[in-house]
Amino acid sequence: MGIGSAIRHRLGRWEIPAANAYRGRFINLADLATTLASISSPKRILEIGCGEGAFGEELLRVFPSADYLGIDICPEPGRLFRGDDSRAEFRKMLSTDLLAEKPEPFDLVAIVDVVHHVSEDLRGVVLRDAAALTAPTGLLAVKEWEKGTGLSHLVAYTADRYVTGDKDVRFLDGPELSNLLAEGLPEFEIVCETRIPPRRNNVLFALRRP
Ligand SMILES: C[S@@+](CC[C@H](N)C(=O)[O-])C[C@H]1O[C@@H](n2cnc3c(N)ncnc32)[C@H](O)[C@@H]1O
């Protein structure tokens with residue numbers, strides 16, 4: 001358990017506000033969801049690496065008639081989710097296991113701040129699973145923290161490495177991210193590449209099949 005988890009579990013009712021304030025230093029998840037709502041109108045959403053459900057909440061807010069499935073390998077996916085639970089489901093599983101169940105494909109598949117937590121040999125697998133789970137006309141959204149040389153990157157790295165306790169965290173720079181997507185998602189093209197406040201390191205790639 002990272003320092004962050006150990007402390008957060010003791011915060012009780014202050015845990016969610018504290019978690020939101022901490023995350024908000026790095027990314028505005030409401031802005032990210034609003035950006036996705038400007039380019040897609042999904043009925044079925046999948047989030048791979050949903051964590052405790054913070055982004056799931058934002059997705060269900062901007063897509064009020066969509067259903068959402070969040071999957072993660074963490075102990076309790078969706079633990080802090082407080083959105084509309086009649087439209088949300090959380091499961092502890094790998095994307096490969098979900099794919100093996102042959103679900104109806106999803107109109108929007110989101111992978112947010114996950115790639116830098118996945119070991120290098122598995123990143124291609126996660127992207128290929130995501131592609132296979134995306135409907136033919138669906139949108140695949142990959143949001144990452146782009147490696148930089150400034151103070152904000154140093155703070156983000158330190159937070160992910162020591163607060164979350166992931167000793168294998170490895171961020172990619174711009175060309176590495178572009179290469180990963182080109183190699184991992186050859187049948188997709190980038191339809192939107194943009195930055196999400198409050199840090200320029202937040203880069204969103206939205207991809208579709210041509
Ligand atoms: C920084 S959290 C992001 C959570 C969520 N996407 C959000 O933005 O609120 C990264 C998550 O990726 C998950 N993760 C890492 N490797 C994964 C994998 N191979 N499959 C699914 N989830 C994974 C971690 O367990 C962690 O919950």
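User: Why is cysteine 50 not bonded to cysteine 74?
Analyst: The closest cysteine sulfur to that of cysteine 50 is in cysteine 74, and at 6.0 Å it is too far for a bond. A disulfide here is a pair of cysteine sulfur atoms within 2.5 Å. This is a predicted model, where local features need pLDDT of at least 70 and side-chain atom pairs count only at pLDDT 80 or more, while totals for chains, interfaces and linings use all residues. Residues are numbered from 1 along each chain as its sequence is written, and side-chain values use heavy atoms, with hydrogens and water left out.

User: How many disulfides does the count come to?
Analyst: The count is zero disulfides.

User: Is cysteine 50 buried or exposed?
Analyst: Cysteine 50 counts as buried because its relative accessibility is 4%. Buried means under 20% relative accessible area, exposed over 50%, and partly exposed in between (1.4 Å probe, protein chains only).

User: Where is glutamate 52?
Analyst: Glutamate 52 sits in the loop between strand 1 (44-48) and helix 4 (54-62). Helices (H or I, at least four residues) and strands (E, at least two) are DSSP runs, numbered from the N terminus. With 26% relative accessibility, glutamate 52 is partly exposed. Its C-alpha atom is 8.5 Å from that of cysteine 74, 22 residues apart along the chain.

User: Now the ligand. Which residues come nearest?
Analyst: Arg23, Glu47, Gly49, Asp72 and Val112 come nearest, of 15 residues around the ligand. Near means that a heavy atom of the residue lies within 4 Å.

User: What lies 2.7 Å from a nitrogen atom of the ligand?
Analyst: A polar side-chain atom of glutamate 47 does. A polar backbone atom of glycine 49 is also 2.7 Å from a ligand nitrogen. For valine 112, a polar backbone atom is 3.0 Å from a nitrogen atom of the ligand.

User: How much of the ligand's accessible area does the protein cover?
Analyst: The ligand has 600 Å² of accessible area on its own, and the protein covers 85% of that (Shrake-Rupley method, 1.4 Å probe).

User: Different topic: which residues of helix 8 are buried?
Analyst: In helix 8 (residues 174-184), the buried ones are Gly174, Leu177, Leu180, Leu181 and Gly184. These residues are on the same side of helix 8 because they cover an arc of only 130° around the axis. The arc is taken from the directions from the helix axis to the C-beta atoms.

User: And which are exposed on the other side?
Analyst: Pro175, Ala182 and Glu183 are exposed there.

Methods
A polar contact is a pair of N or O atoms within 3.5 Å; within protein, one must be able to donate a hydrogen and the other to accept it, and residues adjacent in sequence count only if both atoms are side-chain atoms.
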